[in-house]
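Good morning, and thank you for coming. I should like to take you through one structure, a few residues at a time.

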Amino acid sequence: MHQALDVTGIRRARYRGLPKVRLQHAFSATALNVIRLDAHWTDSPRRTRTSRLERLAYRLTA
């Protein structure tokens, strides 16, 4: 869900009227699937969150 909000801004509809909003959501879902497929095919790693303590430990050991 977070990716949908960041990439497509799906929380706010661009259009008025349910048919247009449904079409926008379908295009947004398609765009997310294409992005995910590209990440899968190119083997790009997912961004994961790291805690502040983990980043500090990395800085101290590097």
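**Helix H2 and its surroundings**

In helix H2, the residues Val 21, Gln 24, Ser 28 and Leu 32 are buried. Please keep in mind that we are looking at a predicted model. Why might buried positions recur in this way along a helix? An α-helix has 3.6 residues a turn, so residues three or four places apart point the same way.

Let us consider the length of H2 next. With 24 residues at 1.5 Å each, H2 should span 34 Å, and its end C-alpha atoms are indeed 34 Å apart, so the two values agree. Just after H2, Asp 43 adopts a positive phi of about 55 degrees.

I now turn to two residues within the helix. Ser 28 lies in H2, and Ser 28 counts as buried because its relative accessible area is 7%, under the 20% limit. What does Ser 28 touch, leaving aside residues up to four places away in sequence? Its partners are Thr 8 and Ile 10.

His 25 also belongs to H2, which covers residues 18-41. His 25 has 34% relative accessibility and therefore counts as partly exposed. The C-alpha atoms of His 25 and Ile 10 are separated by 7.1 Å, although these residues are 15 apart along the chain.

Finally, we come to the surface. Leu 53, Leu 56 and Leu 60 form a nonpolar patch there, and together they have about 360 Å² of accessible area. One of them, Leu 56, is found in helix H3, residues 52-61. Leu 56 counts as partly exposed because its relative accessibility is 45%.

Methods
Residues numbered from 1 in each chain as written. Predicted model: local features only at pLDDT ≥ 70, side-chain atom pairs only at ≥ 80, totals over all residues. Heavy atoms only, no water. Patch = residues over 30% accessible without salt bridge, like charges linked within 9 Å, V, L, I, M, F, W, Y side chains within 5 Å. Areas by Shrake-Rupley, 256 points an atom, 1.4 Å probe, with all protein chains shown as cover. Salt bridge = Lys/Arg side-chain N within 4 Å of Asp/Glu carboxyl O. Helix = DSSP H or I, 4+ residues; strand = E, 2+ residues; numbered from the N terminus. Buried < 20%, exposed > 50% of the residue type's maximum accessible area, 1.4 Å probe, protein only. Expected span 1.5 Å × (residues − 1). Contact = heavy atoms within 4.5 Å.
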